[in-house]
Amino acid sequence: VEPISLGLALAGVLTTYISYPRLYCLFAECCSPKRSLSREALQKDLDSKLFGQHLAKKVILNAVFGFISNPKPKKPLTLSLHGWTGTGKNFVSKIIAENIYKGGLNSDYVHLFVATLHFPHISNITLYKDQLQSWIRGNVSACARSIFIFDEMDKMHAGLIDAIKPYLDYYDNLDGVSYQKAIFIFLSNAGAERITDVALDFWRSGKQREEIELKDMEHALSVSAFNNKNTTGTPASRKFPRGWSSPGNLPTCKSLVPRLHGLSVLGQPVASGTAA
Ligand SMILES: Nc1ncnc2c1ncn2[C@@H]1O[C@H](COP(=O)(O)OP(=O)(O)OP(=O)(O)O)[C@@H](O)[C@H]1O
């Protein structure tokens, strides 16, 4: 084959590959505006990898699948996972990320922040706020379905929590950017002791762990998370965003508590809820 013909043929193949996003996305990672999540695959992953978290599994499966399947969500998906260290909060975030993007946590569309690592100095709070907001704005502009994971929320400065709040609400757009397809996952130890207390009470009364319901955790978590002493800032600024109930405490039984915020599933707004 002569070099010019070969070159033209290759250029043709390359142009076709780039011009057809679906074809391109078969081989490279894409930010797909359409549904890109298999409920069966997510369920299989949760069932086979995540143990002892029946509430978390159910809530996460319904929340994530319902959200991704909705072509026009009214607000971003906000999940808040609470539990003691080593209960699987990061693990489940990884499962969610991997089910939405091939690259999982390494994807260009998945952003992980660790409070003590990325925002260590209270004196730099104004700088962090600006940087965080422009990072979120820039990345959501580039990919509406961006995922932001915030680890150690209980150690996050209240001022930074305030900086994230506007993106979690029901705005069609903020300064020309719509955040309604974004996913925010907050991980926290706040409420861990209380979660353990509830699980322990169930065990003492001879009930199965699987009998614990979302509502059994709700109140306990709200109170203890709001009173969380680790989050810095004044009590007033510690107020959680609308639809975002505060977190609480419990270690021995090691439960993971996801909290669902104002998510619209099947067109019905769902009030914030909790699972263990
Ligand atoms: N419920 C679980 N089911 C299966 N494996 C788990 C579970 N919880 C934890 N693990 C295992 O333990 C490892 C550590 O858990 P992970 O980092 O998710 O804990 P965490 O709740 O995020 O803790 P921390 O609060 O310290 O960040 C995971 O990578 C996973 O291998």
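Colleague: What makes strand 1 (residues 77-83) and strand 4 count as a pair?
Modeller: Six bridges join strand 1 to strand 4, and the two run parallel. The cut-off for a pair is at least two bridges, so strands 1 and 4 qualify with six. This is a predicted model, by the way. One place to look is histidine 82, which stands opposite serine 188 in strand 4.

Colleague: Why do you also pair strand 3 with strand 4?
Modeller: The test is again at least two bridges. Four bridges join strand 3 to strand 4, also in parallel, so this pair counts too. Phenylalanine 150, for example, has phenylalanine 186 of strand 4 as its bridge partner.

Colleague: How do you know that strand 4 is largely enclosed by the rest of the structure?
Modeller: Six of its six residues are buried, so the strand is largely enclosed. Ile183, Ile185 and Leu187 point one way from strand 4. Phe184, Phe186 and Ser188 point the other way, and all are buried.

Colleague: Why is glycine 191 called buried?
Modeller: Its relative accessible area is 0%. Buried means under 20%, so glycine 191 is buried. It lies in the loop between strand 4 and helix 9 (192-204). In sequence, glycine 191 and glycine 83 are 108 residues apart, but in space their C-alpha atoms are 6.7 Å apart.

Colleague: What makes leucine 55 buried?
Modeller: Leucine 55 has a relative accessible area of 9%. The limit is under 20%, so buried is the right word for leucine 55. Its place is in helix 4 (residues 54-69). Isoleucine 212 is 157 residues away from leucine 55 in sequence, with 7.9 Å between the C-alpha atoms.

Colleague: How many salt bridges does the whole structure have?
Modeller: A search of the whole structure finds six.

Colleague: Why is the contact of lysine 49 with aspartate 45 called a salt bridge?
Modeller: The closest N and O atoms of lysine 49 and aspartate 45 are 3.5 Å apart. The cut-off is within 4 Å, so the contact of lysine 49 with aspartate 45 passes. Lysine 49 and aspartate 45 are four residues apart in helix 3 (residues 39-49), so about one helical turn separates them.

Colleague: Are lysine 49 and aspartate 45 buried or partly exposed?
Modeller: One of each. Lysine 49 is at 34% relative accessibility. Partly exposed lies between 20% and 50%, so lysine 49 is partly exposed. Aspartate 45 is buried, at 18%.

Colleague: How do you know that aspartate 154 and lysine 155 form a salt bridge?
Modeller: Their closest N and O atoms are 3.4 Å apart, and the limit is within 4 Å. Aspartate 154 counts as buried at 4% relative accessibility. Lysine 155 counts as partly exposed at 36%.

Colleague: Which helix holds aspartate 197 and arginine 194?
Modeller: Both lie in helix 9, three residues apart, about one turn of the helix. Their side chains meet in a salt bridge at 3.5 Å, N to O. Aspartate 197 is partly exposed at 35% relative accessible area. Arginine 194 is also partly exposed, at 29%.

Colleague: Why is aspartate 175 called exposed?
Modeller: Its relative accessibility is 73%. Exposed means over 50%, so aspartate 175 is exposed. It sits in the loop between helix 8 and strand 4 (183-188). Aspartate 175 has a positive phi of about 50° although it is not a glycine. Glutamate 152, not a glycine either, has a positive phi of about 60°. Its loop runs between strand 3 (147-151) and helix 8 (158-164).

Colleague: What makes the approach of glycine 86 to the ligand a polar contact?
Modeller: A polar backbone atom of glycine 86 is 2.9 Å from an oxygen atom of the ligand. The cut-off is within 3.5 Å, so the pair counts. Glycine 88 also brings a polar backbone atom, 3.1 Å from a ligand oxygen. Asparagine 189 uses a polar side-chain atom, at 3.1 Å from a ligand oxygen. The protein covers 65% of the 630 Å² of accessible area that the ligand has on its own.

Colleague: Which residues come nearest to the ligand?
Modeller: Thr85, Gly86, Lys89, Asn90 and Phe91, out of 13 residues around the ligand. Helix 5 (residues 89-100) gives the most to that shell, with three residues. By class, the shell has four nonpolar, seven polar and two charged residues.

How values were computed
Residues are numbered from 1 along each chain as its sequence is written. This is a predicted model: local features need pLDDT of at least 70, side-chain atom pairs count only at pLDDT 80 or more; totals for chains, interfaces and linings use all residues. Side-chain values use heavy atoms; hydrogens and water are left out. A residue is near a molecule or strand if one of its heavy atoms lies within 4 Å of it. A polar contact is a pair of N or O atoms within 3.5 Å; within protein, one must be able to donate a hydrogen and the other to accept it, and residues adjacent in sequence count only if both atoms are side-chain atoms. Accessible areas come from the Shrake-Rupley method with a 1.4 Å probe; for residues, only the protein chains shown count as cover. Ala, Val, Leu, Ile, Met, Phe, Trp, Tyr, Cys and Pro count as nonpolar, Asp, Glu, Lys and Arg as charged, and the others, Gly among them, as polar. Buried means under 20% relative accessible area, exposed over 50%, partly exposed in between (1.4 Å probe, protein chains only).
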